[in-house]
Amino acid sequence: MADGAMTATFLAVIGGASLLAVTARRLSPSERLPSLEGWALADRSLGPVWTWLLLGGTIFTAYTFAAIPGLAYGNGAPAFFAVPYTVIVCPLAFVLLSRLWTVARRHGYVTAADFVRGRYGSAPLALVVALTGILATMPYLALQLLGIRAVLAAGGVYPRGAAGDLVMVALFAGLAVATYRHGLRAPTVISALKAVAVFVSLTAVTWLVLARLGGPGAVFDGAAERLGGPALLLAPEQQPAYATLALGSALALLMYPHVLTAGFAADGPRTLRKVSVALPAWTGLLALFGFLGIAALATGVRAPAGGAEAAVPMLVDRLMPAPLAGLVFGAITVGALVPAAVMSIAAATSFVRNVYVEYVHPTATPKRQVRIAKAVSLTAKVGAVAFVFGLRDQDAINLQLLGGVWILQIFPAVAVGLFTGRLHPRALLAGWGVGMVAGTFMVVREGFSSVVPLGGGPEIYAGLAALFLNLTVAVAGTAVLERLGVPRGADLTDLPSRLSVRRRPETGANNP
């Protein structure tokens, strides 16, 4: 049963998030006519600080903060692949996000599929990019709810039975209303509270753990006794899986619609480059969460079978005073609200721009597009809640693993397309199909494991293996189609068609 002081602190953090959401409208630079760009991208007006808060708060989800320490608690060293993975993301974001923002701003693109439509002149390719993004995002959205429930249940804050379900519904109802009214501005202002609450609470927990256990050496020695010394170090046979999982996950992350939506909301490419340089601060936060998973082992925390993500909440409940524990649980809950809101906005925007307007109502006015996007965003949140209550937790986790493999298959069309337009859209479509089928087959065959054996040799990340097949088909297919003289669509992006062409100067709010 939760302590009264813990519950009070937890509710205070959640209440603060709700109050901040009410002020979201103040982020609007001026009164403008309703538009999808205004609702979904905050009129592309966020400066470096707000973009850093939003992008970091979107990438580093509550489930990540629960799953990584849980993996460290159960498996030791392999869990820390998330640290190099999020480090690799930073230079990729420095290059890709700033370049994609420039093209998107120049042509009014709101989604990655918009860019693909303009780059290759192919509606089918843009459609599969949009649908892949939506398909990969929905289980990720459900996992935010699972992260909240696992953390709060472990800390005794989440009531059992129908009362707990009502708490979950109430949390997301407030988020849904704020997002419906203010769009991306709502999670943007909440991200400020998330950053403060998570950084402060994690610093306090880490300091307390080190003080109680006698320093980092004592923590790792105690964990080694319980987990086994070699498990705290990577074995040689684990290294290929570790490296490919880090690289593949980094490439996939920047293809998720919610990450691109947060990036498109910046006020210019220079802002995105500054933010990319500062993102490693969030990576340090993730490393400390992984360390707390090791600390949970050292202190003898016994997480329930199949529930290793509860290890850190149980550690917090054991070591920290009730008010500080409530702050931690509140911070993790707010940590789920930000990415959940951005994910629902991104999925709704992709649907409206690349499905509804493209195939259902091409003459839809900006006002109607916003109205449909709001409805779809609300439906996505309701669907996530229903998914969590109606299916097993493992089902959402399995689908999210597949989602990471799926979203990586649009990398050739989006990321490679930023630098060369030589790949034929039909070849890219064929490569996408091969990658989707191959990646899904490999993951399912191994019992929903994202790491698969490579021809009886080392284990590697299934998504990266599928991407290799994808690119092979795309390159070979392009050569065949060019020889056959199959025409391609018109390129409307003004980007160079070959890598050797001199880069055009950037335009944008920071580069007039």
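Begin by selecting phenylalanine 81 and tyrosine 85, both of which are buried (under 20% relative accessible area, with exposed meaning over 50% and partly exposed in between, for a 1.4 Å probe and protein chains only). What you have open is a predicted model, in which local features need pLDDT of at least 70 and side-chain atom pairs count only at pLDDT 80 or more, while totals for chains, interfaces and linings use all residues. Residues are numbered from 1 along each chain as its sequence is written, and side-chain values use heavy atoms, with hydrogens and water left out.

The structure holds seven aromatic pairs (rings of Phe, Tyr and Trp, the last by its six-membered ring, with centres within 6.5 Å; planes under 30 degrees apart are stacked, over 60 edge-to-face and the rest tilted). Phenylalanine 81 and tyrosine 85 form a stacked pair, because their ring centres are 6.1 Å apart and their planes lie at 10°. Next, select Trp52, Phe60, Phe199 and Trp282, which ring pairs link into a cluster.

Move on to helix 6, residues 112-120, where eight of the nine residues are buried, among them Asp114, Phe115 and Arg119. Helices here are DSSP runs of H or I with at least four residues, numbered from the N terminus. Just after helix 6, look at glycine 121, which takes a positive phi of about 60°.

Finally, select lysine 374 in helix 17, residues 366-390. Leaving aside residues up to four places away in sequence, lysine 374 touches Trp39, Tyr180 and Arg181, where contact means heavy atoms within 4.5 Å.

Conventions
Helix = DSSP H or I, 4+ residues; strand = E, 2+ residues; numbered from the N terminus.
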